[in-house]
Amino acid sequence: MAGSKEKYYSNILVGIDTSLSVNQSELEEFQNELYHMHRTGHDIEIVLCDTEIHDQFKYNPREPLKVTGRGGTAFQPIIDLYNKNQRKYSCLIYLTDGEASSPIGARGSILWVHSSVSNINDSLPGKCIKLN
């Protein structure tokens, strides 16, 4: 008898640091990571933020990432959004260069993905990795 498999799809919130300290090659790195995350079959919601949230949308691999912002850096706006909507999202993945102070009151599963040319900011809550 054939069995049935139930597939679990998570809804991932991905924050992208669009501050001026993130250069174009880092943004291309982030877009590549998004594409590979999407290929795993999960729903991805993107939030673009520098010191404030500029855009929020469902990821579409066929559309290029249109970066808005390009000011300073603050992690707090996306952390606040994630904290308010933890039932909606499985986790938060934050793509960044890590050049900002640690946010206050971060809860839940957070993964900080630092670009390949940045240094890891160990003061951030959650797990931190660096792209190769």
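Here are some questions and answers about how the strands, a helix and the cores of this predicted model fit together.

This is a predicted model, so local features need pLDDT of at least 70 and side-chain atom pairs count only at pLDDT 80 or more, while totals for chains, interfaces and linings use all residues. Residues are numbered from 1 along each chain as its sequence is written, and side-chain values use heavy atoms, with hydrogens and water left out.

Q: How many of the residues in strand β4 are buried?
A: Strands (E, at least two residues) and helices (H or I, at least four) are DSSP runs, numbered from the N terminus. Buried means under 20% relative accessible area, exposed over 50%, and partly exposed in between (1.4 Å probe, protein chains only). On one side of β4, C91, I93 and L95 are buried, and so are L92, Y94 and T96 on the other. For β4 (residues 91-96), the count of buried residues is six of six.

Q: Which residue of β4 is the bridge partner of G15?
A: Two strands pair if DSSP finds at least two bridges between them. Strand β1 (residues 11-17) and β4 have five bridges and pair in the parallel sense. In β4, the partner of G15 is Y94.

Q: Which residue in β5 stands opposite I93?
A: β5 covers residues 110-114 and runs parallel to β4, with five bridges joining them. Opposite I93, you'll find L111.

Q: Which element supplies the largest share of the largest nonpolar core?
A: A nonpolar core is a set of buried Ala, Val, Leu, Ile, Met, Phe, Trp, Tyr and Cys residues joined through side-chain atoms within 4.5 Å. The largest one has 18 residues, and V14, I16, L34, I46, I93 and L95 touch the most other members. β1, α1 (24-39), β2 (43-49) and β4 each supply at least two residues. The largest share, four residues, comes from α1.

Q: Which strands do the buried residues of helix α2 pack against?
A: Helix α2 spans residues 76-84, and its buried residues are I78, I79, L81, Y82 and N83. Contact here means heavy atoms within 4.5 Å. Those buried α2 residues pack against β1, β2, β3 (53-58), β4 and β5.

Q: How many disulfides does a search of the whole structure find?
A: A disulfide is a pair of cysteine sulfur atoms within 2.5 Å. For C49, the nearest cysteine sulfur is that of C128, 17 Å away. For C91, the nearest is also that of C128, 14 Å away. The number of disulfides found is zero.
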